[in-house]
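Thanks for coming, everyone. Please have the sequence and the picture open while I talk, and stop me whenever a residue is hard to find.

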Amino acid sequence: MRIATFNLESLDLPPRANRPLDERIAMLAPELQRARADVLCLQEVNGQHDPGHHRRTLIALDRLLEDTPYAHYHRAVSEMNTGSGIADVHNLVTLSRWPIVSARSLRNVLVDPLTYRPVTAGLSADVDETVVFDRPLLVTEIDTGEEKRLMVFNCHLRAPLASSIPGQKLAPFVWRTVGGWAEGFCLSSMKRNAQALELRLAIDDLLNADPQAFIVVAGDFNAEDHESPLRIVVGAEQDTGNGALAVQSMIVLDRAVEEGRRFSVIHQGRPQMLDHILASRAMYGRFASIEVHNEALSDEAVGFARVDRPAGSYHACVVAEFA
């Protein structure tokens with residue numbers, strides 16, 4: 001069994017997309033074919049309006065998959081709110097060779113929205129703000145034919161870009177004050193950690209019901225494994241201080257990748273492992289190997305600054321294989 005995660009980076013159609021879809025397909029389809037995944041977790045899949053439908057559909061994704069085996073896979077798509085359907089941007093999509101028995105989205109379900117009063121916003125911050133998560137988590141239950149079903153969490157945590165603070169922006173990426181940027185960056189960290197907490201609590205619910213549950217978490221964490229979001233999700237023995245809880249910790253599988261190859265993003269010359277696959281203890285018993293397809297990866301900071309409308313993704317596909 002091969003389980004993969006891949007951030008497609010705003011897969012869409014013109015005019016919102018900077019490049020024609022065919023050019024993006026030429027770059028992305030080989031990545032998907034190489035993954036040979038039985039379960040594929042995708043991030044940043046944008047929705048499009050179809051004249052024949054009242055709601056958005058995934059026209060761009062269908063085009064990307066149409067000449068691949070994934071076109072016939074079972075599919076689950078995240079929802080920002082229950083019943084809201086496909087969002088305009090940054091949907092999560094999980095594709096499975098096997099039947100998806102159930103799927104649900106988690107967004108401020110186990111963790112309430114944050115209540116926050118901006119410090120640097122001045123008079124515009126007379127009342128507390130309600131801060132919700134930017135994206136949901138997508139949880140799927142897959143019937144692989146085993147006695148126990150496989151639970152897959154597809155996630156995309158908040159990026160480490162400063163959140164907007166009222167009155168502190170001169171332009172989308174230009175701040176009025178250092179303090180305003182610092183507060184926005186702090187707020188983003190709070191949102192990313194809180195969403196990691198919601199993921200950890202959802203994992204706990206499954207493990208409390210069955211300590212031997214088959215659980216895999218795959219996605220773009222926007223964090224390396226020594227940073228707070230990963231530590232929250234992993235729940236390592238050295239952090240809880242309780243050996244009896246070790247069976248509930250999650251295993252970061254990409255630790256098995258040799259140091260020189262362990263990166264899924266390059267940012268300003270620095271290789272970083274931001275895309276991860278984690279497994280429960282029972283699933284770790286089936287773990288065989290992991291690959292990071294980063295041979296053709298370019299520096300995202302240099303690319304966005306110098307490349308005319310990049311067609312590929314600045315994230316590597318990560319694939320874990322289980323017996």
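Which residues lie nearest the centre of the second largest pocket? Before I answer, please keep in mind that what we are looking at is a predicted model. The residues to look for are M27, E31, A296, G312 and S313, and they belong to a lining of 15 residues in total. The space in this second largest pocket comes to about 230 Å³. If you ask where the lining comes from, the largest share of it, three residues, is supplied by helix α1, which covers residues 21-35. As for the chemical character of the lining, eight of its residues are nonpolar, six are polar and one is charged.

Let me now turn from the pocket to the salt bridges, of which the structure holds 21. I will go through three of them slowly.

The salt bridge I would like to begin with joins the side chains of R117 and D128, with a nitrogen-to-oxygen distance of 2.8 Å. This pair links distant parts of the chain, since R117 and D128 are eleven residues apart, and both sit in the loop between β8 (114-116) and β9 (129-131). How accessible are these two residues? R117 counts as partly exposed because its relative accessibility is 45%, and D128, with a relative accessible area of 41%, is partly exposed too.

The next pair is R200 and D204, whose closest N and O atoms are 2.7 Å apart in a salt bridge. Here the partners sit in one helix, α3, which runs through residues 178-209, and because they are four residues apart, about one helical turn separates them. Is R200 buried or exposed? With a relative accessible area of 7%, R200 is buried, because the cut-off for that word is under 20%. Its partner D204, at 21% relative accessibility, falls in the partly exposed class, so please be careful with the labels here, because buried means under 20% and D204 is at 21%.

The last pair I want to show is D254 with R262, a salt bridge in which the closest N and O atoms are 2.7 Å apart. In this case both partners, D254 and R262, are buried. This salt bridge also belongs to a network, in which D225, D254, R255 and R262 are joined by salt bridges that share partners.

To go back over the last two pairs, R200 is buried while D204 is partly exposed, whereas D254 and R262 are both buried. I will stop there and take your questions.

Technical notes. Residues are numbered from 1 along each chain as its sequence is written. This is a predicted model: local features need pLDDT of at least 70, side-chain atom pairs count only at pLDDT 80 or more; totals for chains, interfaces and linings use all residues. Side-chain values use heavy atoms; hydrogens and water are left out. A salt bridge is a side-chain nitrogen of Lys or Arg within 4 Å of a carboxyl oxygen of Asp or Glu. Helices (H or I, at least four residues) and strands (E, at least two) are DSSP runs, numbered from the N terminus. Buried means under 20% relative accessible area, exposed over 50%, partly exposed in between (1.4 Å probe, protein chains only). On a 1 Å grid over the protein atoms alone, a cavity is a set of points where a 1.4 Å probe fits but cannot get out, and a pocket is an open set with protein on both sides within 12 Å along at least five of seven lines; lining residues have an atom within 4 Å of a point. Grid points are joined across faces, edges and corners, and a volume is the space filled by probe spheres set on the points. Ala, Val, Leu, Ile, Met, Phe, Trp, Tyr, Cys and Pro count as nonpolar, Asp, Glu, Lys and Arg as charged, and the others, Gly among them, as polar.
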